Amino acid sequence: MRNVYWANIHREGTAWVGTVLDLEGVHSWHPKSLAGLRQSLAEAIVLAEDLPDDAIAEVAARIDLDVDFGDRDVDAIAGEAAGKREVAARAQRKAETATAEAVRKLTDLGLSNRDVGVVLGISHQRVAQLAPKGLKQAN
């Protein structure tokens, strides 16, 4: 199974049509929604790659949709928004990792959950969730 399946998507009338790049002859359509098209493409990929039926959900999650709206301005703004959201998601994951590490180090210094929360700008309850298990802290 590949890490990512790239699919070109466009509308034909009211239906969504998609073609999976690098998998010759793998395409599908759905009359109503992109979510339905993603599912249909995942099923087609599973068939083409001879994967087990229970791989459909995982394959669907690995499909990257390149949607062509037929309008360069709309295509550009949608692509820009999606790109910025991906950058933000990566930054969020990094912030979560850094926050968990900071919670561990600050609680190791003996700071209370409430004080750690103030330092990091999170609730004391979130600190308690991130603190090393078994550590009893005064709030």
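At what angle do helix α3 and helix α4 pack, and how far apart are their axes? In this predicted model, helix α3 spans residues 72-108 and helix α4 spans residues 113-120. They pack at an angle of about 140 degrees, with their axes 10 Å apart. Angles over 145 degrees would count as roughly antiparallel and those from 65 to 115 as roughly perpendicular, so α3 and α4 are oblique to each other. Their crossing is right-handed.

Which residues make this contact? Helix α3 brings Thr99, Ala102, Val103, Leu106 and Thr107, while α4 brings Asn113, Val116, Val119 and Leu120.

Let's turn to the largest pocket, which has a volume of about 180 Å³. Its lining is made up of Trp6, Asp64, Leu65, Asp66, Val67, Phe69, Asp75, Ala78, Gly79 and Ala82. Two elements give two or more residues to this lining: strand β4 (63-68) and helix α3. Helix α3 therefore takes part in both places, as it also packs with α4.

What kinds of residues are found in the helix contact and in the pocket lining? The table sets out the two groups.

| Place | Nonpolar | Polar | Charged |
|---|---|---|---|
| Contact of α3 with α4 | six residues | three residues | no residues |
| Lining of the largest pocket | six residues | one residue | three residues |

The contact of α3 with α4 has no charged residues, whereas the lining of the largest pocket has three.

Conventions:
Residues are numbered from 1 along each chain as its sequence is written. This is a predicted model: local features need pLDDT of at least 70, side-chain atom pairs count only at pLDDT 80 or more; totals for chains, interfaces and linings use all residues. Side-chain values use heavy atoms; hydrogens and water are left out. Axes are lines fitted to C-alpha atoms, for helices over the stretch in contact, and angles run from 0 to 180 degrees between N-to-C directions. Helices (H or I, at least four residues) and strands (E, at least two) are DSSP runs, numbered from the N terminus. Angles under 35 degrees count as roughly parallel, over 145 as roughly antiparallel, 65 to 115 as roughly perpendicular and the rest as oblique. A crossing is left-handed if the near helix is turned anticlockwise from the far one by less than a right angle, and right-handed if clockwise. Contact means heavy atoms within 4.5 Å. Ala, Val, Leu, Ile, Met, Phe, Trp, Tyr, Cys and Pro count as nonpolar, Asp, Glu, Lys and Arg as charged, and the others, Gly among them, as polar. On a 1 Å grid over the protein atoms alone, a cavity is a set of points where a 1.4 Å probe fits but cannot get out, and a pocket is an open set with protein on both sides within 12 Å along at least five of seven lines; lining residues have an atom within 4 Å of a point. Grid points are joined across faces, edges and corners, and a volume is the space filled by probe spheres set on the points.
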